[in-house]
Amino acid sequence: MAFLRIKPGKDLSVFLVCLFIAVLFWLLNAYSKDYTTQISFPVRYVDIPEDQILTSNPPKEIKASLNGFGFRLLSYSLFSSHDSISLSFSEGTLRPSKKYVSSYLDGNTIETQLRSVVPGDLNLVRVYPDTIRMVVESEVSRQIPVKPQVVFELDKEFFLKGKIQATPAYITVKGPGSLLDKTDSITTEVIDLGVLDKKLVKDVAVKLPAGLSSQTQQITLSVPVEQYTEGELELFLSVKESSLADSLDLVLIPSKVSVKYLVGLSDFKKINAQMFSFTVDPNQAGEGKRFLIVQPEKVPEGVKLLEYSPHKVEYFIRN
(Lines give C-alpha, C1' and ligand atoms only; values in the text may rest on other atoms or scores of the structure.)
Protein backbone atom coordinates (compact mmCIF):
# COMPACT_ATOMS: atom_id res chain seq x y z
CA MET A 1 0.00 0.00 0.00
CA ALA A 2 1.41 3.38 -1.01
CA PHE A 3 1.33 6.31 1.36
CA LEU A 4 1.35 10.03 0.50
CA ARG A 5 4.55 11.50 1.81
CA ILE A 6 4.64 15.27 2.23
CA LYS A 7 8.04 16.83 2.52
CA PRO A 8 8.58 19.87 4.76
CA GLY A 9 8.95 23.21 3.04
CA LYS A 10 7.54 23.92 -0.40
CA ASP A 11 5.50 20.70 -0.71
CA LEU A 12 3.76 21.34 2.65
CA SER A 13 2.88 24.92 1.66
CA VAL A 14 1.36 23.74 -1.64
CA PHE A 15 -0.65 21.08 0.18
CA LEU A 16 -2.08 23.56 2.70
CA VAL A 17 -3.05 26.03 -0.03
CA CYS A 18 -4.84 23.28 -1.96
CA LEU A 19 -6.60 22.13 1.20
CA PHE A 20 -7.77 25.67 1.96
CA ILE A 21 -9.10 26.16 -1.58
CA ALA A 22 -10.93 22.81 -1.42
CA VAL A 23 -12.57 23.69 1.90
CA LEU A 24 -13.51 27.16 0.61
CA PHE A 25 -15.19 25.74 -2.51
CA TRP A 26 -17.01 23.19 -0.32
CA LEU A 27 -18.34 25.94 1.93
CA LEU A 28 -19.38 28.08 -1.06
CA ASN A 29 -21.23 25.15 -2.54
CA ALA A 30 -22.81 24.05 0.74
CA TYR A 31 -24.00 27.46 1.95
CA SER A 32 -25.25 28.64 -1.44
CA LYS A 33 -28.35 26.54 -0.84
CA ASP A 34 -31.41 27.25 1.31
CA TYR A 35 -31.43 25.91 4.86
CA THR A 36 -33.80 25.85 7.81
CA THR A 37 -32.58 26.36 11.38
CA GLN A 38 -34.08 27.13 14.77
CA ILE A 39 -33.34 30.39 16.61
CA SER A 40 -34.57 31.48 20.07
CA PHE A 41 -35.97 34.95 20.76
CA PRO A 42 -36.40 36.40 24.29
CA VAL A 43 -39.95 37.43 25.25
CA ARG A 44 -41.28 40.40 27.24
CA TYR A 45 -44.87 40.29 28.51
CA VAL A 46 -46.47 43.73 28.49
CA ASP A 47 -49.79 45.50 29.15
CA ILE A 48 -50.45 43.61 32.39
CA PRO A 49 -53.59 45.21 33.92
CA GLU A 50 -52.97 47.64 36.75
CA ASP A 51 -53.06 46.12 40.26
CA GLN A 52 -52.76 42.66 38.71
CA ILE A 53 -49.90 40.14 38.97
CA LEU A 54 -48.75 37.66 36.34
CA THR A 55 -49.06 34.36 38.21
CA SER A 56 -48.56 31.85 35.41
CA ASN A 57 -45.11 30.92 34.17
CA PRO A 58 -45.17 31.62 30.41
CA PRO A 59 -42.05 30.77 28.37
CA LYS A 60 -39.14 33.20 28.59
CA GLU A 61 -38.24 32.63 24.95
CA ILE A 62 -39.88 31.64 21.66
CA LYS A 63 -38.20 29.20 19.29
CA ALA A 64 -38.62 30.07 15.59
CA SER A 65 -37.76 27.93 12.57
CA LEU A 66 -36.23 30.22 9.91
CA ASN A 67 -35.51 29.39 6.27
CA GLY A 68 -33.11 31.25 4.02
CA PHE A 69 -29.89 31.44 2.01
CA GLY A 70 -27.17 29.50 3.83
CA PHE A 71 -24.63 32.29 4.37
CA ARG A 72 -27.32 34.82 5.35
CA LEU A 73 -28.88 32.37 7.81
CA LEU A 74 -25.47 31.51 9.28
CA SER A 75 -24.46 35.15 9.79
CA TYR A 76 -27.84 36.04 11.37
CA SER A 77 -27.69 33.01 13.65
CA LEU A 78 -24.12 33.59 14.83
CA PHE A 79 -23.42 37.30 14.64
CA SER A 80 -26.73 39.18 14.95
CA SER A 81 -28.31 40.15 18.27
CA HIS A 82 -31.82 38.77 18.40
CA ASP A 83 -34.24 41.44 19.57
CA SER A 84 -36.83 40.48 22.16
CA ILE A 85 -40.47 40.35 21.15
CA SER A 86 -43.26 41.95 23.16
CA LEU A 87 -46.42 39.97 23.75
CA SER A 88 -49.38 41.96 25.02
CA PHE A 89 -51.85 40.55 27.54
CA SER A 90 -54.66 42.58 25.95
CA GLU A 91 -54.08 41.09 22.47
CA GLY A 92 -54.97 37.57 23.62
CA THR A 93 -58.38 35.95 23.98
CA LEU A 94 -59.52 36.85 27.51
CA ARG A 95 -61.26 34.28 29.71
CA PRO A 96 -62.14 35.60 33.17
CA SER A 97 -62.91 33.34 36.12
CA LYS A 98 -63.77 33.95 39.76
CA LYS A 99 -60.19 34.42 41.00
CA TYR A 100 -58.13 35.16 37.88
CA VAL A 101 -58.17 36.17 34.22
CA SER A 102 -56.49 34.16 31.45
CA SER A 103 -55.25 35.53 28.12
CA TYR A 104 -54.57 33.06 25.31
CA LEU A 105 -52.16 34.23 22.59
CA ASP A 106 -52.45 32.15 19.41
CA GLY A 107 -49.82 31.37 16.79
CA ASN A 108 -50.85 34.22 14.45
CA THR A 109 -50.30 36.81 17.20
CA ILE A 110 -46.90 35.35 18.07
CA GLU A 111 -45.84 35.14 14.41
CA THR A 112 -46.85 38.76 13.82
CA GLN A 113 -44.55 39.91 16.60
CA LEU A 114 -41.71 37.70 15.37
CA ARG A 115 -41.96 39.05 11.80
CA SER A 116 -41.36 42.53 13.20
CA VAL A 117 -37.85 41.51 14.34
CA VAL A 118 -36.87 38.82 11.79
CA PRO A 119 -35.07 40.22 8.68
CA GLY A 120 -37.19 40.31 5.52
CA ASP A 121 -34.83 38.03 3.56
CA LEU A 122 -35.47 35.16 6.01
CA ASN A 123 -38.72 33.19 5.99
CA LEU A 124 -40.54 32.33 9.21
CA VAL A 125 -41.57 28.68 8.92
CA ARG A 126 -43.09 27.94 12.34
CA VAL A 127 -42.95 28.97 15.99
CA TYR A 128 -42.88 27.00 19.23
CA PRO A 129 -44.90 27.17 21.34
CA ASP A 130 -47.74 28.19 19.07
CA THR A 131 -50.06 29.09 21.98
CA ILE A 132 -49.24 30.93 25.21
CA ARG A 133 -51.48 31.26 28.26
CA MET A 134 -50.99 34.24 30.54
CA VAL A 135 -52.80 34.32 33.90
CA VAL A 136 -53.17 37.39 36.12
CA GLU A 137 -54.66 37.81 39.59
CA SER A 138 -55.45 40.76 41.80
CA GLU A 139 -52.73 41.64 44.30
CA VAL A 140 -53.92 41.39 47.91
CA SER A 141 -52.18 41.82 51.26
CA ARG A 142 -52.45 39.75 54.40
CA GLN A 143 -50.97 39.56 57.90
CA ILE A 144 -49.07 36.28 58.22
CA PRO A 145 -47.27 34.94 61.32
CA VAL A 146 -43.49 34.55 61.31
CA LYS A 147 -42.06 31.13 62.17
CA PRO A 148 -38.44 31.30 63.40
CA GLN A 149 -36.03 28.61 62.21
CA VAL A 150 -33.15 28.42 64.67
CA VAL A 151 -30.68 25.74 65.69
CA PHE A 152 -28.92 25.93 69.05
CA GLU A 153 -27.76 24.00 72.10
CA LEU A 154 -28.07 25.00 75.73
CA ASP A 155 -25.06 25.11 77.99
CA LYS A 156 -25.07 23.01 81.14
CA GLU A 157 -27.51 24.27 83.83
CA PHE A 158 -29.26 26.59 81.35
CA PHE A 159 -32.75 26.21 79.90
CA LEU A 160 -35.16 27.91 77.55
CA LYS A 161 -37.35 30.17 79.65
CA GLY A 162 -40.48 30.49 77.54
CA LYS A 163 -40.98 30.59 73.78
CA ILE A 164 -38.68 32.10 71.19
CA GLN A 165 -40.19 35.47 70.31
CA ALA A 166 -40.26 37.10 66.86
CA THR A 167 -40.70 40.87 66.60
CA PRO A 168 -42.84 41.60 64.73
CA ALA A 169 -44.75 38.35 65.20
CA TYR A 170 -46.78 39.06 62.03
CA ILE A 171 -45.70 40.75 58.80
CA THR A 172 -47.75 42.17 55.94
CA VAL A 173 -47.26 40.09 52.81
CA LYS A 174 -48.47 41.00 49.32
CA GLY A 175 -49.18 38.67 46.43
CA PRO A 176 -51.86 36.79 44.52
CA GLY A 177 -54.73 35.51 46.64
CA SER A 178 -54.32 31.91 45.41
CA LEU A 179 -50.75 31.85 46.70
CA LEU A 180 -51.53 33.59 49.98
CA ASP A 181 -54.29 31.04 50.63
CA LYS A 182 -51.61 28.34 50.67
CA THR A 183 -49.27 30.28 52.96
CA ASP A 184 -50.00 29.85 56.69
CA SER A 185 -46.64 31.16 57.92
CA ILE A 186 -43.47 32.90 56.78
CA THR A 187 -40.23 31.30 57.93
CA THR A 188 -36.94 32.98 58.69
CA GLU A 189 -33.64 31.93 57.20
CA VAL A 190 -32.20 28.99 59.15
CA ILE A 191 -29.67 30.33 61.64
CA ASP A 192 -27.28 28.34 63.85
CA LEU A 193 -26.79 30.09 67.20
CA GLY A 194 -24.31 27.59 68.64
CA VAL A 195 -24.21 26.93 72.40
CA LEU A 196 -26.17 29.48 74.45
CA ASP A 197 -25.58 30.47 78.06
CA LYS A 198 -27.56 33.72 78.13
CA LYS A 199 -30.48 35.50 76.52
CA LEU A 200 -29.85 36.25 72.85
CA VAL A 201 -31.39 38.94 70.64
CA LYS A 202 -30.56 38.77 66.94
CA ASP A 203 -31.86 40.13 63.63
CA VAL A 204 -32.57 37.51 60.99
CA ALA A 205 -33.88 37.72 57.41
CA VAL A 206 -37.31 36.40 56.49
CA LYS A 207 -37.67 33.88 53.67
CA LEU A 208 -40.51 34.78 51.33
CA PRO A 209 -41.92 32.21 48.88
CA ALA A 210 -41.58 33.03 45.18
CA GLY A 211 -44.36 35.36 44.02
CA LEU A 212 -44.82 37.07 47.41
CA SER A 213 -43.32 40.33 48.65
CA SER A 214 -43.12 42.29 51.89
CA GLN A 215 -41.61 45.55 53.05
CA THR A 216 -40.40 43.69 56.15
CA GLN A 217 -37.18 41.99 55.14
CA GLN A 218 -35.98 40.98 58.60
CA ILE A 219 -37.31 40.42 62.10
CA THR A 220 -35.74 40.37 65.57
CA LEU A 221 -35.48 37.06 67.40
CA SER A 222 -35.37 36.88 71.18
CA VAL A 223 -34.22 33.57 72.68
CA PRO A 224 -34.95 33.63 76.46
CA VAL A 225 -32.09 31.56 77.88
CA GLU A 226 -31.40 31.68 81.62
CA GLN A 227 -29.52 29.67 84.22
CA TYR A 228 -31.95 27.51 86.11
CA THR A 229 -32.34 26.26 89.65
CA GLU A 230 -34.53 23.46 90.95
CA GLY A 231 -37.50 24.08 93.17
CA GLU A 232 -39.91 21.85 95.08
CA LEU A 233 -43.30 22.51 96.65
CA GLU A 234 -46.49 20.79 97.77
CA LEU A 235 -50.06 21.74 96.99
CA PHE A 236 -53.60 20.40 97.43
CA LEU A 237 -55.21 18.48 94.60
CA SER A 238 -58.36 19.93 93.03
CA VAL A 239 -61.37 18.19 91.53
CA LYS A 240 -62.26 19.29 88.01
CA GLU A 241 -65.51 21.19 87.74
CA SER A 242 -68.34 19.15 86.26
CA SER A 243 -71.97 18.31 86.96
CA LEU A 244 -70.81 15.06 88.55
CA ALA A 245 -68.39 16.89 90.86
CA ASP A 246 -71.32 18.81 92.38
CA SER A 247 -73.14 15.59 93.29
CA LEU A 248 -70.13 13.64 94.62
CA ASP A 249 -68.26 14.47 97.83
CA LEU A 250 -64.87 12.98 96.94
CA VAL A 251 -62.18 12.42 99.55
CA LEU A 252 -58.74 11.98 97.93
CA ILE A 253 -55.98 9.84 99.45
CA PRO A 254 -53.49 11.48 99.50
CA SER A 255 -54.96 14.94 99.05
CA LYS A 256 -51.68 16.66 98.14
CA VAL A 257 -49.16 16.41 95.32
CA SER A 258 -45.41 17.11 95.48
CA VAL A 259 -43.96 18.99 92.52
CA LYS A 260 -40.37 19.42 91.31
CA TYR A 261 -39.63 22.07 88.73
CA LEU A 262 -36.94 24.16 87.06
CA VAL A 263 -37.11 27.95 87.09
CA GLY A 264 -34.79 30.79 86.17
CA LEU A 265 -32.75 32.26 88.99
CA SER A 266 -34.44 35.63 88.56
CA ASP A 267 -37.90 34.13 89.16
CA PHE A 268 -37.11 31.58 91.88
CA LYS A 269 -38.43 33.65 94.78
CA LYS A 270 -41.61 34.57 92.88
CA ILE A 271 -42.88 30.99 92.57
CA ASN A 272 -45.54 29.71 95.01
CA ALA A 273 -48.06 26.87 95.21
CA GLN A 274 -51.00 29.06 94.15
CA MET A 275 -49.41 29.37 90.69
CA PHE A 276 -49.83 25.62 90.05
CA SER A 277 -52.91 23.48 89.67
CA PHE A 278 -53.16 19.67 89.64
CA THR A 279 -56.53 18.02 89.24
CA VAL A 280 -58.40 14.72 89.13
CA ASP A 281 -61.43 13.97 86.96
CA PRO A 282 -64.59 13.06 88.96
CA ASN A 283 -66.00 11.30 85.90
CA GLN A 284 -63.48 8.52 86.52
CA ALA A 285 -65.10 7.96 89.93
CA GLY A 286 -68.49 7.84 88.26
CA GLU A 287 -67.18 5.05 86.01
CA GLY A 288 -66.27 3.01 89.08
CA LYS A 289 -62.50 3.18 88.63
CA ARG A 290 -60.38 2.41 91.67
CA PHE A 291 -57.86 5.22 91.14
CA LEU A 292 -58.11 8.77 89.84
CA ILE A 293 -55.37 10.02 87.51
CA VAL A 294 -53.55 13.19 88.63
CA GLN A 295 -53.03 15.68 85.81
CA PRO A 296 -51.13 19.00 85.71
CA GLU A 297 -53.72 21.63 84.90
CA LYS A 298 -51.66 24.82 85.23
CA VAL A 299 -47.90 25.49 85.32
CA PRO A 300 -46.52 29.05 85.50
CA GLU A 301 -44.97 30.50 82.36
CA GLY A 302 -41.19 30.17 82.39
CA VAL A 303 -41.31 27.10 84.65
CA LYS A 304 -40.36 23.63 83.41
CA LEU A 305 -42.12 20.79 85.20
CA LEU A 306 -39.69 18.00 86.11
CA GLU A 307 -41.84 15.53 88.00
CA TYR A 308 -44.73 15.22 90.39
CA SER A 309 -45.99 12.57 92.77
CA PRO A 310 -48.31 10.75 93.06
CA HIS A 311 -49.56 10.18 89.49
CA LYS A 312 -52.75 8.55 90.77
CA VAL A 313 -54.68 8.65 94.04
CA GLU A 314 -57.25 6.54 95.82
CA TYR A 315 -60.56 8.00 96.85
CA PHE A 316 -63.84 7.33 98.58
CA ILE A 317 -67.21 9.02 98.31
CA ARG A 318 -68.45 10.59 101.52
CA ASN A 319 -72.18 10.26 102.15
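Two strands are taken to pair if DSSP finds at least two bridges between them, and this criterion is applied below to a predicted model.

**Exercise 1.** Determine which strand is joined to strand 3 by 5 bridges, and in which sense the two run.

*Solution.* Begin with the bridges: 5 of them link strand 3 to strand 7, which spans residues 123-128, and the two strands run antiparallel. Because at least two bridges are required for pairing, the 5 bridges found here satisfy the criterion. A residue-level check is given by Ala64, whose bridge partner in strand 7 is Val127. Turning to strand 1 (residues 34-46), one finds that it pairs with strand 3 (residues 61-69) over 9 bridges, in the antiparallel sense, with Gln38 standing opposite Ser65 of strand 3.

**Exercise 2.** Work out which strands form the edges of the open sheet of strands 19, 25 and 22.

*Solution.* Write down the order of this open sheet of 3 strands, which is 19-25-22 with antiparallel pairing. The edges are strand 19 (250-253) and strand 22 (292-293), since each of them pairs on one side only. For strand 19, the antiparallel pairing with strand 25 (residues 312-317) extends over 4 bridges, and within strand 25 Phe316 is the bridge partner of Val251.

**Exercise 3.** Decide whether Ser247 is buried or exposed.

*Solution.* Locate the residue first: Ser247 belongs to helix 5, which covers residues 243-247. Its relative accessibility is 54%, and because exposed means over 50%, Ser247 counts as exposed. As for its surroundings, Ser247 and Pro282 lie 35 residues apart in sequence, while their C-alpha atoms are 9.9 Å apart in space.

Terms used: Residues are numbered from 1 along each chain as its sequence is written. This is a predicted model: local features need pLDDT of at least 70, side-chain atom pairs count only at pLDDT 80 or more; totals for chains, interfaces and linings use all residues. Side-chain values use heavy atoms; hydrogens and water are left out. Buried means under 20% relative accessible area, exposed over 50%, partly exposed in between (1.4 Å probe, protein chains only).
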